[in-house]
Structures are given as structure tokens and as C-alpha cells.
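Work through the exercises below with the sequence and the model side by side, and attempt each task before reading its solution.

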Amino acid sequence: MSARAAPTDGGSMADNVTSLFRTGAHSPSMAALARESGESGPLDFCIPCNPYFPTPAMFEELTHRLREIITFYPSSADTITGELCNLLQLPPQCVAMGNGSTELITWIDHLLVRESLAIPVPTFGRWTDQPLETGKRVDMFPLQESNGFALDPAQYIQFIRSRGSRVAVICNPNNPDGGFLPRQTILAFCDALADLDLVIIDESFLEFADAEAEPSIVEDAVMRPNVIVLRSLGKNFGLHGIRFGYLVANPSLAGKIRSMLPKWNLNSFAETVVFMLRDHGAEYLESLHQVRRDRLDMARQLSQLPGLTVYPSQGNFLFVRLPVGAEGTVVRDQLLTEHRILVRECGNKIGSSSRFLRLVVRPQVDVRRLVSGLESVLYGSRRGAAVPEPNNNYSSGTAAVDRLVSSTNGSGMQGLAAAAQGQGQQQQQQPQLAPVAQWPQQQQQQQPQLAPVAQGRQQQGLLTAVGAMGQGQGQGQGFGQQGQQPQQQPMTAMAQAQQQAGLSPVGAGQPQQQQQPGLSPVAANGQPQQEPWLTPVGQPQPQQQQPGLTPVAQPGPQPMPQPTRWPAAAASRGTPWPEAPANNRVG
């Protein structure tokens, strides 16, 4: 029974459903939504998983074997891990499989994080929440909205040194914004922090990236003393309900985690799927290609909505900023109750605000339904201007989150960053860290850019583009250098019309501002800390944001790279996975 068909009962049901979003830091499960609504689950743009895998044939096989799967004990974790290692051609002594990546994050925190952990925000909530729950200090490095939420590794390094953090984390791509760093940049970051207790690279969404052919550092992590790479399986294989993920590290680190895991921490569904994968490598590879194609198409469709900003992403999701006057919780609830569409509103993510949504990449037919729902909720009968809410002030309901967001520009405010820029002009230049000048420069990325950005991403105001990140360029330049200007993005139809009429596009011909050299992150803040674990700082120097809408230009087709150790694209349907040399499965 819909909310529109029966206002009284439907309204009560809608209240019950939307109340589920106010009971925790994460979105409610699909099962909880179905129980409260009395209907099948909504169209899911919230949970980031692969919509094209497993194949229908694989689901039929799982259905046929259901009784066997749920009746008997699974094999030991060593046996399942050994099969995965044969598939990925990794040494079993360097791998630990967990009941989802969250189990591995939990054990990493308990065993290897002693006192403090640094993490850019916004990000996956367990990287901030888990260490806080065990009394660790979490040093949060805010990604600036004015910089397109791009992570500057050199400034992050300086922040880690100034705070004295003992563990550093990077999610690549980052969740929820989809920001990406090239492989050589990640390796340089790890090597520059070789003296820390631990450096963690979370590659949970890296399979969906197409910026590089070989973006993972898994093979490099096994040779480094303090590096752990975290990988997801549920997201890649479209099976969040089967909790499985793995980490890769040197044998000592991996062994510490593996020794604490229960013998049967992986269930029979996980075992069945892992042993099925060898015969379905080609289908899996094609599913990744299709997600990447859908990401481009979805970004183009969303960018046509007036006032909606879409950020470039290398994940299987898009981070969007709602038009001025739109409140994320209202948009989320109306999409769910009126259109049965579930989206992830990001107001409870530290470093974000309720003006942002994370939207999972889905097939085109589903995206058309999403766009239609957003048009109805945002504009009603007046397409072109969002319906304003009476109160536009951001409030997450959590005082600590509000303090951090109000102290940074997570909600689009530029006051702190502007103040930091003024202080930086009065300070003497701080000495750069010795390793910084030797690191390879982050690749200039031919960005699909839907928000004004700096630091190697060209600001174009109304002229922005969305698509795959990172066309390769020369390596060997330092992070701290500005590097070459990015290539001019393709002009939109609007820009061409302006050019023919003799008008200059917004943002055209404006030089990029130079970053204040050596600005201390803590000094840039200039404010006392509110909590010992909150470290709001004004890191990058923002450019002046151009007013107006941000439709996107359509990027050209991108080559589809091959994931590390996965089957070739030309493999026929059902081609088995590549054989691996025999490995010791014990331990």
C-alpha cells in the first residue's frame, strides 16, 4: 500500500521506514526496509555493489545447491584462503581472509594500532569509528569541497608528521567521493612513511577503476615492513550478504591477523562462491567493464539536472552535491516513500554534510528512474530551481560532527580556508619535508569535473566534465610541484554557443592560484581543538568558486584496462582462471 494511495496508513508506514535512518551511523539493511514497508525492497542506489555479477547461471547453481550449502559446515578458512590465493596468484602466508572487510579492520585496530590513526575525511565510517571505540586518537584530515575533495598526498604527509600519527590510512578510491591516486603516488606515500607503525591502503573499490591498467599495490605490499592492503570481495562480486574480504601484507603482519581469526570465520556461501570463480572469470571482467560504462552514462544524465554537482569518481558510485536549498534527508525520504528509490544521504559522514548524496552506479534503465525521481523531488513542477527548505543550516545530530564540519568547509563554507590563506601570507615559508621533492607527481587527470577544483584539476566554472580519471603522464616530479596545466576539457554545447556569440565561458582563461608554500596544517587552523581526537585544519588554499550550475561535458571513450592477475578481456565466456604455481596452503 503506497503513501499516496492511503494517506493515513501510508503516512504511518512511511514514518516507520524513514525512522530507520535515524538509528545508526549506517543505512538500514534492505531486509529491515522490507519488513517495515511490507513490500519488496526499493530500487537500491545506496549499497555499492556490482549489479552484473554473479551471472543468472551462477545464481541458478547457488539455488540448486542451497540445501547442501546451508546444511553442512564449511571448510576451514585456510582451505578457502588457499583457493583464493591460487586464483589471484598470491602467497597464502601473505593473505588473511575475513568475514567482510569490517572484521579485518576490527582486528587491525585491536592488534596493530597502538595510539593514533590518521585518515582523510569524509571516508568509510569504520576507519574513524573503530579506533575511537577502542580509545585511540583519530587524526582527521579534511578533504576540501573547494578542491573537489581531492587528496593532496604531500599535505597529508605534513599533517601526519605535525600530529605525530602512528598509523596512516588511504582509501583508494575513496568512499564516498570516489577520489583516486595513481599507483606510483601510493607507493611513494608508503615509502615516505616507512617509519610509521602501519600504513593501510584500502582498495575495496579499486576493481572498478579504469584510470590505470595496474593500479593495485598488492604485490608491492608483501615486500614492505609496515604496509597492509585491504580488498573487498562482496562489493566486486555483487554479494554483500556473503561477508568476505581479504588483506595482503608481509607474512609477519598477515600472520598476526590470521592467528586471531576463528577457524570457521568464513561461511559455506563464501566457500562456494570462491570455488566457482575460476570458471567465471570472463563474465566477471565484462561486469567490471559494464559498470565503468554505466558510470560515464550515469554522470552525464545526472549532470543535466540544474544545480546538481557531480564529482569525478573511480568507484562504482558518484558523489553529488544537491542544489542550493535542497536538504539531503528530505530528498532521501521523499525518494524512498514516493518513488521507492533508496539513496545514501551523507550528513552523518564526518567531513560531509546533508547536502551530499552518494549514488551507486546502476544500469541505464534504473538511472532514468532515479533522474525522474530527483526531478520530481527537487523541482516539482518548476524544473530549474530546487524547492527551498525553511532551515538550510546543516545539523547531523552529533555535536562532534557538527564542530568538525563547521570548522572546515565540508559544507561548502570557505571562511576557514580563506583565513588560513591570509595567515599563510604573513608566515615565513616552512621547510619542506625531505622526501617530498623526490616523490613522483600525481598524474594530471583528464577529469570529468563537476565541481571547481585546484591542485592539478582545471577549474572551468560552467564548463566541467565527468568520466574516467587519469591519462598517464611523466613520472618523477615531486608532489609539492604544481606541474603542467591540465589539458583543456571538451566544450559543452553551451560553451560552443557562447563562443559563437562572442561570449567568454565562465571560468575560462583564469589562472590557477598558487598554493601557499609550507603552510602548517595546525597553524592554518588558528583555533583551539574542540576534542583531543578531532583535528580540523584548513589544508589546501581554495580557488574562488564560480557561481551557477555545473553541467558536464561528455568525455571521450576510455580504454578498458585489465585488473591485476585477472583473465584477459579476449577470453571466451566461461574461460577458466589462469593457473597458478602450487602454493603452501598452510598458515
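Contact here means heavy atoms within 4.5 Å, and buried means under 20% relative accessible area. The model is a predicted one.

**Exercise 1.** Check the length of helix H16 (residues 364-379) against the expected span, and establish which elements its buried residues pack against.

*Solution.* Begin with the span: at 1.5 Å a residue, the 16 residues of H16 should cover 22 Å, and because the end C-alpha atoms are 22 Å apart, the two values agree. Next, list the buried positions of the helix, which are Asp366, Val367, Leu370, Val371, Gly373, Leu374, Val377, Leu378 and Tyr379. The buried residues of H16 pack against the strands E1 (43-45), E11 (341-345) and E12 (356-360), and also against the helices H14 (281-303) and H15 (328-339). Finally, look just past the end of H16, where Gly380 takes a positive phi of about 60 degrees.

**Exercise 2.** Place H16 and Leu302 in the largest nonpolar core.

*Solution.* This core has 88 residues, of which Tyr156, Phe244 and Leu302 touch the most other members. H16 gives the most to this core, with seven residues. Then follow Leu302 beyond its neighbours within four places in sequence: its contacts include Leu370, Val371 and Leu374, as well as Leu308, Val310 and Leu359. Apart from this core lies another, of 27 residues, among them Leu112, Ile119, Leu247 and Ile350.

**Exercise 3.** Determine how strand E5 (residues 167-171) is enclosed and how it pairs with strands E3 and E6.

*Solution.* Five of the five residues of E5 are buried, so the strand is largely enclosed by the rest of the structure. In a regular strand the side chains alternate between the two faces of the sheet. In E5, Val167, Val169 and Cys171 point one way, while Ala168 and Ile170 point the other way. Strand E3 (residues 116-121) pairs with E5 in the parallel sense over two bridges, and Ala118 has Ala168 as its bridge partner. On pairing with strand E6 (residues 198-202), the sense is again parallel, over five bridges, with Ile170 opposite Ile201. To complete the picture, E5, helix H9 (residues 183-192) and E6 make a right-handed β-α-β unit.

**Exercise 4.** Classify the aromatic pair of Phe141 and Tyr156, and that of Phe141 and Phe159.

*Solution.* The structure holds 15 aromatic pairs. For Phe141 and Tyr156 the ring centres are 5.3 Å apart and the planes stand at 40 degrees, so this pair is tilted. Phe141 lies in strand E4 (residues 137-142) and Tyr156 in helix H8 (residues 153-163), 15 residues apart. Phe141 and Phe159 also form a tilted pair, at 5.3 Å centre to centre and 55 degrees between the planes. As for exposure, Phe141 is buried with a relative accessible area of 2%, and Phe159 is buried with 0%.

Notes
Residues are numbered from 1 along each chain as its sequence is written. This is a predicted model: local features need pLDDT of at least 70, side-chain atom pairs count only at pLDDT 80 or more; totals for chains, interfaces and linings use all residues. Side-chain values use heavy atoms; hydrogens and water are left out. Helices (H or I, at least four residues) and strands (E, at least two) are DSSP runs, numbered from the N terminus. The expected span of a helix is 1.5 Å times one less than its number of residues. Buried means under 20% relative accessible area, exposed over 50%, partly exposed in between (1.4 Å probe, protein chains only). Two strands pair if DSSP finds at least two bridges between them. A crossover is right-handed if, with the strands pointing away from the viewer, the path from the first strand over the helix to the second runs clockwise. A nonpolar core is a set of buried Ala, Val, Leu, Ile, Met, Phe, Trp, Tyr and Cys residues joined through side-chain atoms within 4.5 Å. Rings of Phe, Tyr and Trp (its six-membered ring) pair if their centres lie within 6.5 Å; planes under 30 degrees apart count as stacked, over 60 as edge-to-face and the rest as tilted.
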